[in-house]
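Open the model in your viewer and set it to cartoon. Keep a selection box ready.

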Amino acid sequence: MAYTYDDGNIFARILRGELPNQTVLETEHALAFRDIAPRAPVHVLVIPKGPYVSFDHFMAGATPAEISGFFRAVRSVSETLGLEPGDGGNGYRLIANTGTDGVQEVQHFHVHVLAGKRLGPMVSPDV
Ligand code: 5GP
């Protein structure tokens, strides 16, 4: 499978420090920051530092250390923000939009962490 990563995408520019962001946390393998147009009271984006277009690209091309580091960072966001139900939080939703049908707008793999209220239906019911 061939993937073309455009290093001019907005998240690549954020990683290079060319655009500001509201950082929630940063690790060796990931950066988590507030979405510029939040869809929930808590809306954080978690991105790997490597140049991966999509979830598929990330899983195919990233090292085991990058993959575990990334998903541990997602977990650290929910923990840092007090969202984990096991720790008294009210929970959250993770979303990774992928490709055309997934309506992925920014072509650098990212996971949305949404929380802070009871979220609506996962998708519109008109299948
Ligand atoms: P997608 O549709 O690709 O899954 O989500 C992309 C997300 O990136 C959107 O929720 C959008 O609001 C967010 N976004 C787009 N541009 C910027 C930006 O410059 N800064 C931040 N923090 N978020 C952005």
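The tour goes from the whole chain to one strand and its partners.

This is a predicted model: local features need pLDDT of at least 70, side-chain atom pairs count only at pLDDT 80 or more, and totals for chains, interfaces and linings use all residues. Residues are numbered from 1 along each chain as its sequence is written, and side-chain values use heavy atoms, with hydrogens and water left out.

**Whole chain.** Colour by secondary structure. You get 3 helices and 5 strands. These are DSSP runs, numbered from the N terminus: helices are H or I with at least four residues, strands are E with at least two. From the N terminus, the order reads α-β-β-β-α-α-β-β. The C-alpha trace spans about 40 × 40 × 30 Å along its principal axes. Of the 127 residues, 39% count as buried. Buried means under 20% relative accessible area (1.4 Å probe, protein chains only).

**Select residues 42-48.** This is strand 3; 7 of its 7 residues are buried, so the rest of the structure largely encloses it. Look at one face: Val42, Val44, Val46 and Pro48 are buried. Flip to the other: His43, Leu45 and Ile47 are buried too.

**Add residues 30-34.** Strand 2 runs antiparallel to strand 3, joined by 5 bridges. Strands pair if DSSP finds at least two bridges between them. Find Arg34 here; it stands opposite Val44 in strand 3.

**Add residues 111-115.** Strand 5 pairs with strand 3, again antiparallel, over 5 bridges. Which residue of strand 5 stands opposite Val44? Val113 does.

Methods
Buried < 20%, exposed > 50% of the residue type's maximum accessible area, 1.4 Å probe, protein only.
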